[in-house]
Amino acid sequence: MNSTDSRGSAADLAADAALLEIAEGLGLSTLLDRAAPFTLHEVTAAADVPESGAAAFLDALLRAGLLERGEEAHHFTPCSDMADRRYAAGYLSWALNANRPYVDNAALFLRDPAAAGARYQRDGRRVAVSSRWIGSYGFYPGVIEEITQRKPRRIVDLGAGAGGLLIHLLTALPDSTGLALDLSAAACEEAEQAARRAEVGDRLRVVNRSIESLADDPSPVRDADVVHAGFVMHDVVSRPDVLDGVLRTCRASIADGGCLVVTDAVPYAAGPGERGFSALFTYLHSSSMDVRLPPEEEWRAAFRRAGFPDVTSTPLRMPGSRMFVAAG
């Protein structure tokens, strides 16, 4: 790729990220996700903005190639590569917007991490949005394939957030039930609402608790066929006794033949295509979030200490991410 192409690609990526974040803030992502055309009226209603403003924004999306005109007047369809472009934009959104407090206050985090951490926090919505965009291709497909092929009767998702992954799994597995556990009350409320909208509310239980609490009360994971934890176990790695307690609880509580699926990251991955983003991911977690990412062998050792004899590790598309499956 020549230098002109590189500059053009960078400029297009920046434009995609900004326009798609605006669309997200306006509440238009549901319209951009669907295959069916949508109308100017639907955009105006969803965003609660004047028709002239909605039309101006849609014109920008059209000119950027993110939308195409429908066959009828004032009808629009997302571009055919919308999913790819939003996935790519997710990395830029996560790096510069979700982590903006860390980027803007880097010197303070290096001088006094505790004081900086108490003063500056990330915007949870920006973190969730960018993580969802990256996850769409970066790690969800591998996890979904791993879990669905096992046809579990009961699935537990630790740190489930708004329940998107679990709701997807329950939709694909109509005979399964699930439990979503998360520390955020707002996320739990959103998960319950999303489950009702997806018509799986009768098969999904939501529990507002911390992952650490499982060491004292294992009832949420008892008799689960699959327990999944996506990018949450690293939050307790700095307390090995807590990590070991949670993992042992999962090992002792899952059903016979069940497994623990942990999606997380390893530090400073050096594989092809991993170096850059993995370096940023590792540095920000260490310097600004006080999170030390364990190397792959350390992850494996923790699972084995908990009593899992069979542990596999699979690289996923997001640089530095790994899916660990612990069974036995």
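These legends walk through five close-up views of a predicted model.

Local features are described where pLDDT is at least 70, side-chain atom pairs count only at pLDDT 80 or more, and totals for chains, interfaces and linings use all residues. Residues are numbered from 1 along each chain as its sequence is written, and side-chain values use heavy atoms, with hydrogens and water left out.

**View 1. Seven strands line up in an open sheet with mixed pairing.** Following the sheet across, the order is S6-S5-S4-S7-S8-S10-S9. Strands here are DSSP runs of E with at least two residues, helices are runs of H or I with at least four, and both are numbered from the N terminus. Two strands pair if DSSP finds at least two bridges between them. S6 and S9 (310–315) sit at the edges with a single partner strand each, so one side of each has no neighbour in the sheet. On average, and ignoring direction, neighbouring strands are turned by 15 degrees against each other; axes for such angles are lines fitted to C-alpha atoms, for helices over the stretch in contact, and angles run from 0 to 180 degrees between N-to-C directions. At the S9 end, 6 bridges hold S9 antiparallel to S10 (residues 321–327), and Ser-313 has Phe-324 of S10 as its bridge partner.

**View 2. Strand S5 (residues 177–182) is mostly covered.** Of its 6 residues, 5 are buried, meaning under 20% relative accessible area (exposed is over 50%, partly exposed in between; 1.4 Å probe, protein chains only). S5 runs parallel to S4 (residues 154–158), joined by 5 bridges, with Arg-154 opposite Thr-177. Another 5 bridges pair S5 with S6 (residues 204–208), again in the parallel sense; here Gly-178 is matched with Leu-204 of S6. The chain goes from S5 through helix H12 (residues 185–197) to S6 in a right-handed β-α-β crossover. S4, helix H11 (residues 164–172) and S5 also make a right-handed β-α-β unit. Right-handed means that, with the strands pointing away from the viewer, the path from the first strand over the helix to the second runs clockwise.

**View 3. Helices H10 (residues 140–148) and H11 cross at roughly 40 degrees.** Their axes come within 11 Å. The two helices are therefore oblique to each other, a label for angles that are not under 35 degrees (roughly parallel), over 145 (roughly antiparallel) or 65 to 115 (roughly perpendicular). H10 passes H11 in a right-handed crossing: the near helix is turned clockwise from the far one by less than a right angle, whereas anticlockwise would be left-handed. Look for Tyr-140, Val-143, Ile-144, Ile-147 and Thr-148 on H10, which make the contact with Leu-165, His-168, Leu-169 and Ala-172 on H11; contact means heavy atoms within 4.5 Å.

**View 4. Ile-134 is a buried residue of helix H9 (residues 124–138).** Its relative accessible area is 3%. Leaving aside residues up to four places away in sequence, Ile-134 touches Tyr-87, Gly-90, Tyr-91, Trp-94, Phe-139, Phe-277 and Met-318. Pro-101 lies 33 residues from Ile-134 along the chain, and their C-alpha atoms are separated by 20 Å.

**View 5. Three strands make an open antiparallel sheet in the order S1-S3-S2.** The edges are S1 (38–39) and S2 (67–69), each pairing on one side only. S1 runs antiparallel to S3 (residues 75–78) and is joined to that strand by 2 bridges. Thr-39 finds its bridge partner in His-75 of S3.
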